[in-house]
Each structure stands twice: as structure tokens, then as C-alpha cells.
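Work through the exercises below with the structure open. Try each task before reading its solution.

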Amino acid sequence: SCQPNPTTQTVDCVMSTTTSGWIALGVSKNRRMVDTDVTLGFIDANNELQIRDGYNTGYSPPVTDSDQSQLTNTRGSRVDGVTTVEFSRACRSTDSSDFSMTDSDNYLIFGTGPVFNGLFISYHSIRPTITTETVMFDCGSSRKRRQAPVPVAETAGTPIHPMDCSDLVIGTARNDVFRMYDAYTRDRSTPFPDSVYGGEDNLIAAVGRETPTGFTEFKFRRRLDTMSAFDHPLVNGRQYFIYAHGQEQNNYHFRLRTGIHVPTASDRQFYKDDELKYHGFTRNRGSRVVDLTKSKTAMPDLPGFSYGCEEGNANRCMYKVTWVVDTLLKVVNFTLSTTAVDSWIGLGVSKNKFMPSTDVILAWIDATGQTVITDRFASGYFPPQLDMDQSQIMDARGGSVGGLSTFQFSRPCSSSDQSDFSLSDKDNYLAYPMGSLTPDKSFFTKHTLPPSFSDETITFDCTATATGKPEYANTAEPEPEHTAEPEPEHTAEPEPEHTAEPEPEHT
């Protein structure tokens with residue numbers, strides 16, 4: 001909680017969390033992580049308080065302000081599993097990186113996350129909580145009545161589900177007749193039109209139909225800058241989208257048995273055509289990260305995957321991987337590159353398109369300019385552990401020139417390390433993660449966004465050819481931009497009934 005102190009002209013705050021990691025208070029003008037003034041603290045491995053005044057310029061760890069004098073009376077402790085951080089902050093800061101606490105357009109953001117090795121902060125473990133209304137602290141004369149303390153939302157609970165607080169567009173069609181509307185859902189329950197919550201439909205145009213070939217298709221138009229309590233703006237850069245379609249009669253997908261499976265079910269046709277009901281588990285839903293401001297860039301001749309490429313230059317991308325199979329040496333030669341500054345880039349091999357049980361190779365440039373390429377294995381939703389055997393990464397090299405970091409390495413088609421998956425297996429999916437480094441560039445933090453996965457399995461054909469020359473992997477090019485699962489921190493629970501939107505085309 002925080003309350004103003006007119007006598008000292010400060011806002012005095014107390015933050016606490018039951019986790020062993022960091023806890024933070026953010027001040028934002030736009031209710032987003034980007035352009036947020038952050039005060040973050042945690043108890044380090046020596047049981048001492050580490051607290052900093054920083055600023056978020058993007059979806060990465062906050063940059064520490066050069067002026068730390070705006071924080072006073074700092075103290076912290078960890079007792080009986082509870083971390084407490086206290087500080088005072090000037091009502092009207094003289095640091096240009098800070099927002100004044102007396103501004104009338106401030107939103108407060110409350111977050112928490114893990115700390116690795118008692119020193120390095122990582123991505124927030126659950127989605128931060130944001131005040132729904134602006135919060136202004138009255139730091140006027142001491143003769144004025146003091147404000148009531150501002151409550152701090154609970155953040156140590158169940159992680160935000162990708163469906164929570166979602167802006168949706170929902171459509172149904174029968175032949176050439178269709179219905180489409182702007183909707184919103186607070187959680188995993190059935191979405192309602194925006195008008196139910198007091199909003200309005202912000203679709204400018206829409207059209208839909210059932211095609212003669214058995215497809216249902218929709219197109220709609222909406223302004224990029226539409227923003228309200230129930231509409232999220234379509235921003236520049238990568239943005240997370242979810243999509244789903246309804247279940248077909250007698251072709252249901254559930255994780256657990258439901259009422260329609262029992263002999264006494266009163267309505268075995270509960271899921272009727274064109275009714276907004278639960279989309280089902282797995283195949284009827286999905287997600288992907290899309291940059292609506294970037295056109296798809298044609299891939300080069302080599303097979304691979306990329307996204308965030310510069311216009312007209314397929315070699316400068318936010319993420320890019322290509323590969324060539326050497327059938328003589330029975331290895332696959334990989335090239336990874338990124339234009340992201342102070343970031344790591346990785347390549348994963350997975351059997352299930354989820355982070356747990358993924359074979360991962362991570363690469364970055366450290367503070368001394370040296371290339372770091374490591375073979376790891378992710379056994380859960382935490383940093384992948386280093387393999388005991390690093391010999392399966394061969395001919396590793398890398399460097400950074402002109403803002404482009406490039407890494408090359410080779411890996412056997414069939415690894416002798418039991419922590420590795422064989423690249424020649426026919427049930428491998430590839431993962432394409434990346435993220436930020438710690439301030440000293442000695443370690444990696446959590447991926448910036450949920451990693452993309454290949455839509456289909458990718459098999460590297462390492463059989464020798466008549467010529468004996470290296471040949472490309474016999475695989476289809478994956479879609480340029482998509483993601484797999486949301487990033488949970490807890491065991492999944494049975495899916496409640498809810499619906500998401502079909503994947504739209506935006507303008």
C-alpha cells in the first residue's frame with residue numbers, strides 16, 4: 001500500500017509478497033509495461049535488500065535510472081516466507097525518468113517474479129495487476145486531510161489465463177447470412193458483446209459466409225487505435241492473438257468427461273451449430289504472435305523460419321534460423337541471427353510443443369564480446385538446465401556486426417547425449433525462443449514473448465545421397481509468425497466453458 005506524506009513531500013509505500021523473488025510498483029500513463037516508471041526490490045542471497053528505481057522502455061527488464069536519489073527510507077526483510085520492501089519516493093520527482101506521483105493520469109501496476117542465483121531478476125511470474133482507474137496522490141499542505149491508503153492488489157495467485165481480459169470479435173454464418181460483433185470476456189466464461197458492459201461495437205465493416213467447399217470465412221475492419229475498457233488497441237510490433245472455433249456435433253474434444261457423455265444426458269446435441277459455447281480442448285483453439293505492421297518477408301532458398309524482418313531485407317530479422325543437412329558427416333548445420341540488442345536467441349526441439357521436455361540450444365554475446373552457445377534441457381517452466389555433455393554442439397562460433405548478431409553451430413543427426421532428441425526423429429517440433437540478458441550479460445532471463453513453434457513436425461533427412469553432397473532438410477517451411485501454448489506457472493485445471501474469436505484479417 002502507498003500513502004502520501006505532505007510533511008516530507010513523499011509517498012510512503014510498503015510492498016510484500018509470499019514469493020522469494022522480486023516485487024515491484026510501476027507508474028504508467030497507458031496501463032502497459034512499455035513506458036512505465038518502476039520501483040523494484042528483492043532480498044538477495046546475502047539477505048540484504050536490493051532496490052532500484054528504473055524505467056521500462058519495452059518488454060524487457062527495466063533499465064536502472066542514473067539518478068537513484070528519489071528513493072529514500074529504503075528497507076526490506078524476509079521473515080517467515082514473506083518478503084517486505086519499504087521505501088519513500090518524492091511526490092514530485094526531479095528525475096526526468098520518473099513520473100510525478102501527483103499527476104492525475106497515473107495508473108499503478110503491481111508485479112512480482114523470480115530472482116535467479118539471488119541476484120538476477122527474471123520476467124514476472126504472473127501477469128501484473130493494473131488499477132482500473134487513475135490514482136493521484138495529494139501531497140499538498142500538511143494541514144489538509146490525509147488520503148486513505150491506496151490498496152495494492154494481490155499478485156501472488158493463479159497466473160492470468162490467455163483468455164482473461166480478452167477483446168474478441170465473434171462471428172457465425174449460415175450460407176450467405178452472417179452475424180459478427182465486438183465482444184469482451186473478463187475470464188474464461190462466455191464472452192458478451194461490449195454493449196453488455198457499457199461499451200460499444202467498434203467494427204467499421206464486416207462480411208462473412210459459408211463457402212461451397214465447406215469453409216466458414218469472415219473479414220472485418222477496425223481502427224488500429226481503438227481503445228476503451230473493453231477494446232485493446234492494435235499496436236506497432238508483435239501482439240498476442242488467440243483464436244478458436246466452435247465444436248461440431250458428435251465431434252467433441254474434451255480433456256475430461258462431461259455431462260453429454262453419461263447415459264442419462266438430457267440433451268446429447270447440447271453443442272448446436274452456430275451457438276456460442278465452449279470451443280473444446282486442443283484442436284479447436286490456438287494462439288499466435290503477429291506483427292500487423294510488418295508484411296511477410298519471403299524466405300531465402302535455405303529452409304528455416306523468421307519473423308520481424310526489415311522491409312525488403314530478409315537477412316536482418318528479429319529472429320531467423322536456417323539449416324543445411326550434411327549427409328556425409330551426418331550433422332545439421334544451423335545459423336541463428338537476431339537484430340535484437342542485448343538479447344539471447346535459441347532453438348528448441350520438442351515432442352509436444354510445450355516448454356517442459358524441450359531440448360534447447362541458447363546463444364548470446366557476453367559483456368566481453370565473446371560468443372556463448374550452450375546445450376540445455378527445459379524440464380519445466382523455469383530456466384533450462386545445462387547439459388552435462390556439451391560435446392554435441394560442434395563448430396560453434398558467432399559475432400555481432402552492424403547490429404546483427406549471428407551464431408553458427410553443427411549438431412549430430414543422432415545425438416549420443418540422452419538429454420538430446422535426435423534430429424532425425426519424425427515427431428520433432430522446432431521452437432524459436434528469444435529474450436533479454438541480465439544487465440551484465442552473464443545469464444539469460446525469461447523469453448520476452450511466448451516462443452513460436454513449428455506448425456508441423458520437422459524431420460532432418462540425414463540419409464546419404466548418390467552424390468554424397470549435403471542436402472536440405474526435407475521439410476515444409478513453417479508459417480512465419482505463430483506461437484504455441486500460453487506460459488503457465490501452475491498445473492492446468494479442467495477447462496471451463498468459454499469461447500474465443502476466429503482468427504481475423506485486420507486492416
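**Exercise 1.** Find how strand β13 and strand β14 pair, and count the bridges.

*Solution.* This is a predicted model. Start with the ranges: β13 covers residues 166-174 and β14 covers residues 177-185. The two pair in the antiparallel sense. Nine bridges join them. To fix the register, take T172: its bridge partner in β14 is R179. Now go to the turn. Two residues lie between the strands of this hairpin. There, N175 takes a positive phi near 60°.

**Exercise 2.** Follow β14 to its pairing with β15, and describe the connection.

*Solution.* Strand β15 spans residues 192-193. Two bridges join β15 to β14, and the strands run antiparallel. A pairing needs at least two bridges by DSSP. One opposed pair is A183 and P193, the latter in β15. β14 and β15 also form a hairpin, with six residues between them.

**Exercise 3.** Give the strand order of the four-stranded open sheet, then explain which sides lack a neighbour.

*Solution.* The order is β1-β2-β8-β7, with antiparallel pairing. The edges are β1 (2-5) and β7 (71-79). Each has a single partner strand, so one side of each has no neighbour in the sheet. Next, the twist: neighbouring strands are turned by 15° against each other on average, direction ignored.

**Exercise 4.** Locate the residue opposite G76, and state how β7 pairs with β8.

*Solution.* Strand β8 covers residues 82-90. β7 and β8 pair in the antiparallel sense over seven bridges. Opposite G76 stands V85, in β8.

Conventions: Residues numbered from 1 in each chain as written. Predicted model: local features only at pLDDT ≥ 70, side-chain atom pairs only at ≥ 80, totals over all residues. Heavy atoms only, no water. Axes fitted to C-alpha atoms, helices over the stretch in contact; angles between N-to-C directions.
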